[in-house]
Each structure stands twice: as C-alpha cells, then as structure tokens.
Amino acid sequence: MVGMNGFDVKDGFYYMLAPIEDMTDSSFRTICWNRGKGADLTFTELSRLESLARRNACTLEKIKLYDETPTMIQLVGQKEMSLKRLLSGFVPNKGFRGFNLNLGCPAPDFVGQGIGCAMVKRISKTRKLVDIIKDHDYGVSIKMRLGLNRFEKEKKVYLNLINSVDADFFIVHARHGKETYVDKADWSVFPGCVKTGKPIIANGDIRTKDDAQKMKDFGCKGVMIGRAATVNPLIFAELKSLPLPQIGGLKAEYERLLKERNVAFKYPKNIFKHLGKSEADGDYGDMG
Ligand SMILES: Cc1cc2nc3c(=O)[nH]c(=O)nc-3n(C[C@H](O)[C@H](O)[C@H](O)COP(=O)(O)O)c2cc1C
C-alpha cells in the first residue's frame with residue numbers, strides 16, 4: 001500500500017520527467033508538471049547519499065522541494081548508515097513522493113566505487129537500502145540501466161534485481177553502462193521486465209505517442225522522458241492529448257520561478273541551450 005509519501009502506479013499509465021543533472025531543478029520540474037496538466041511525477045537530479053548525510057548545504061539545496069510538484073528524491077550511494085542518518089532528520093514536505101535509488105549512472109568514479117550502474121548486480125545491498133526507506137514508510141523506486149556492460153546485460157542481471165527487490169516500481173533505462181546515446185535504447189528488454197510482474201516504467205529514446213503506445217502494449221506502467229522534455233516541456237501534455245498551453249507563458253513562469261527561488265545560474269543556462277531547439281543540436285554528454 002503506497003501512502004501519502006509515495007506514488008502509486010497500480011492503475012493507469014504514467015508520464016514521468018527524467019532526472020537530468022544541472023537541468024531538471026525545482027523550477028523546471030514545476031513547469032513540466034504544470035499543475036497536473038503535464039508530467040505526473042518528477043525526480044530530483046542525483047545527489048550523493050553521503051553528502052546529504054553530512055548535511056552538505058549545496059547537496060541539500062538539490063533536494064529542496066518548493067511546491068506541490070510530485071517529486072521523488074534521487075539518491076546515489078551505498079552506505080546504510082548514511083541513509084539512516086539522512087532519514088532520521090528528514091522532514092517530508094508537500095510534493096514529496098518518496099526516494100529513488102540511482103542504479104544507472106555510468107560515470108567511472110561511481111562505477112569504481114561499486115555504485116550507479118555497478119549496483120545493478122548488488123542485490124542484497126540494494127535490498128537493504130530499499131528496506132531502510134520502507135521502514136520509514138516512504139515510497140521507493142529504482143532507476144536502473146541493464147547492467148554495467150554487455151556481459152551483464154546478456155546475463156540479465158537486471159531481471160535478477162527486479163525479481164529480488166521489493167521497490168514500488170522500476171524505471172528501466174534500456175541501455176547498459178558502456179552504451180552512449182549514439183547507441184539506440186534496446187526496447188526489446190521491456191517485455192521480459194514486465195513478465196516479472198513488477199511495475200515497470202520504460203525509459204530511453206521515448207518521444208512520440210506511438211513510442212508511448214508501444215510501451216503500453218508491452219505492459220509497462222508508464223514512460224519516463226528526459227532529453228525530449230528539455231527541448232519541449234509540453235511533451236507530456238502532447239502525449240496525453242491534453243490542450244496545450246502557450247510555450248511563451250510557460251517560459252515566463254519558469255523565469256519567474258527562477259527569480260523567486262534564487263536558482264544557481266547553471267540550471268537556466270543549460271535549459272536555455274536546449275529549450276525550443278532540436279534535441280540533435282544539444283550536447284548532453286553521457287550521463288545517467
Ligand atoms: C546530461 C544528462 C544528465 C543526466 N543526469 C541524470 C541523473 O542525475 N540521474 C539519473 O538517474 N539519470 C540521469 N540522466 C539519464 C536520464 O535520466 C535518462 O535516463 C536518459 O537521458 C534516457 O532518457 P531520454 O532518452 O528520454 O533522454 C542524465 C542524462 C543526461 C543526458
């Protein structure tokens with residue numbers, strides 16, 4: 001049973017905004033949600049669990065929720081003690097829908113520490129972190145790649161994890177950790193993920209109504225969209241066939257929120273590089 005501090009994916013099909021480091025800050029998440037007319041759920045960019053437990057001010061700022069935009073706080077890390085310390089002082093505010101564990105980031109320094117996408121095969125560690133969050137009655141989801149590399153993908157380590165861990169839902173980014181955005185996401189993995197009986201949210205190269213319909217036909221409970229939303233935050237309303245607000249109005253709202261929330265300059269700088277442009281024009285690097 002998912003309570004107030006969680007997000008229930010049982011009934012319906014959901015549209016989620018992906019976390020994108022240095023872009024999807026609270027203001028951008030608010031305009032993508034657009035008072036319920038856009039994304040159903042959003043995520044904070046990744047934050048180091050250990051930094052949050054140490055109460056590092058910059059990291060705490062990343063997980064600050066300013067309004068009722070439904071948001072899961074994304075954590076990357078592995079120390080149970082740090083998670084317990086974070087949760088013992090944590091006060092959920094409006095908008096909070098639980099925690100998301102990042103088992104997807106392929107950055108070499110994370111992989112070297114056994115975290116990010118190196119966690120996909122660390123089932124008992126992941127289970128312990130999930131259980132600690134559940135003990136506090138908070139919602140918990142997992143965002144994962146298919147494993148560290150092609151070998152792990154072929155061994156289907158991602159299915160072992162989905163089968164063995166009791167998270168509320170699993171967001172599967174259909175690439176392994178050695179793949180870049182030049183490699184197409186492998187949607188053929190989704191039916192196998194759905195077969196586990198766990199709620200699956202599809203992620204990777206999803207942009208159109210046809211793409212979303214394919215995911216629905218596979219039995220996924222929703223889709224998560226990243227880069228396509230940074231060029232067009234109206235994509236969620238478009239995919240849901242809702243009336244579209246003016247993009248100009250949404251931009252003005254974004255600028256108003258940035259001022260009100262005193263957001264670090266890097267966020268609008270990165271967003272305005274992409275907003276209203278073609279995704280192909282943007283240099284996104286290889287995160288996530
Ligand atoms: C620049 C950049 C930063 C990212 N930062 C994160 C992050 O902080 N946490 C995360 O889980 N994924 C991160 N990702 C991965 C995205 O959430 C998403 O899984 C990926 O872009 C595939 O979805 P898309 O094809 O809809 O963009 C990042 C991706 C990019 C391009």
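Seventeen salt bridges, given as 17 in the count, are present in the structure. The model is a predicted one. Side chains of opposite charge can pair when their charged atoms come close. Three of the pairs are described here in turn.

Glu 152 pairs with Lys 121 in a salt bridge, with 2.9 Å between the closest N and O atoms. This contact links distant parts of the chain, 31 residues apart. Glu 152 belongs to helix α7 (residues 150-154). Lys 121 sits in the loop between α5 (108-112) and α6 (123-135). The relative accessible area of Glu 152 is 7%, so this residue is buried. Lys 121 reaches 43% relative accessibility and is therefore partly exposed.

A salt bridge also joins Asp 166 to Lys 134, at 3.0 Å from N to O. Asp 166 is in the loop between α8 (157-164) and β7 (169-173), and Lys 134 is in helix α6, so the bridge ties together parts that are 32 residues apart in sequence. Both partners are partly exposed: Asp 166 has a relative accessibility of 46%, and Lys 134 has 27%.

The third pair consists of Arg 227 and Asp 205, whose closest N and O atoms are 2.9 Å apart. Arg 227 lies in helix α11 (residues 227-231). Asp 205 lies in the loop between β8 (200-203) and α10 (209-218). The pair therefore ties together parts 22 residues apart in sequence. Arg 227 and Asp 205 are both buried. These two residues also belong to a network of salt bridges, in which they are linked with Arg 175, Lys 184 and Arg 207.

Definitions and conventions: Residues numbered from 1 in each chain as written. Predicted model: local features only at pLDDT ≥ 70, side-chain atom pairs only at ≥ 80, totals over all residues. Heavy atoms only, no water. Salt bridge = Lys/Arg side-chain N within 4 Å of Asp/Glu carboxyl O. Helix = DSSP H or I, 4+ residues; strand = E, 2+ residues; numbered from the N terminus. Buried < 20%, exposed > 50% of the residue type's maximum accessible area, 1.4 Å probe, protein only.
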